[in-house]
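Visitor: Could you take me on a close look at one part of this structure? I'd like to see how a helix sits among its neighbours.

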Amino acid sequence: MPRPHRQRDVTFRVQDDHLEMHVTFAQQPDRNYTHRCTRDIFRDVAYAIEDHAAGGTTLDEIVQAIDAPYTQVNVALAFMKERGSVEIRHRRTFPASNIVYEDAMIEFMH
C-alpha cells in the first residue's frame with residue numbers, strides 16, 4: 001500500500017554558530033523536528049566535497065572520511081543542496097562550482 005505524500009517544510013538558520021534544519025509537517029505538527037550541524041563539521045563537509053569533486057561523493061563516504069555523525073553531515077548536505085552549492089547526479093554529490101568551499105561558507109555566514 002503506498003504511503004500518502006507528507007507535506008513538509010524545511011527551513012535553515014544559523015544560531016550560536018550551528019546550522020539548524022527545522023522540519024515541520026503541516027498535517028502532523030507533533031512530528032516536527034530540528035537537527036543541528038556545527039560550523040566545524042559544515043566546513044569539513046565542504047572540504048570533503050571539494051576533495052572528491054571529480055567523481056562525486058556520498059553521505060556515507062563523507063561520514064567515513066571526516067568521522068562525523070550522519071545527522072550533522074546530512075544537515076550540511078541538505079543546506080548546500082538547497083543553496084545551490086552542490087548538485088546531485090546519479091545519487092552522488094558534486095560541487096556546483098570550482099569553489100564549493102567558499103560558496104558553502106558564504107551561504108553559512110550569510
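Guide: Let's start with the helix α3, then look at the sheet and the loop beside it. This is a predicted model, where local features need pLDDT of at least 70 and side-chain atom pairs count only at pLDDT 80 or more, while totals for chains, interfaces and linings use all residues. Residues are numbered from 1 along each chain as its sequence is written, and side-chain values use heavy atoms, leaving out hydrogens and water.

Helices are DSSP runs of H or I with at least four residues, strands are runs of E with at least two, and both are numbered from the N terminus. With 13 residues at 1.5 Å a residue, α3 should span 18 Å, and its end C-alpha atoms are indeed 18 Å apart; the expected span is 1.5 Å times one less than the number of residues. Its buried residues (under 20% relative accessible area, 1.4 Å probe, protein chains only) include Val 73, Leu 77 and Phe 79.

Now the sheet: 3 strands form an open, antiparallel one in the order β1-β2-β3, where pairing takes at least two DSSP bridges between two strands. β1 (8-15) and β3 (33-38) are the edges, each pairing on one side only. α3 packs on this sheet, touching β1, β2 and β3, with contact meaning heavy atoms within 4.5 Å.

Just after α3, Gly 84 takes a positive phi of about 80°. Ser 85 lies in the loop between α3 and β4 (86-89), and Ser 85 is buried, at 2% relative accessible area. Not counting residues up to four places away in sequence, Ser 85 touches several residues, among them Met 80, Pro 95 and Val 100. Met 80 is itself one of the buried residues of α3.

Methods. Buried < 20%, exposed > 50% of the residue type's maximum accessible area, 1.4 Å probe, protein only. Axes fitted to C-alpha atoms, helices over the stretch in contact; angles between N-to-C directions.
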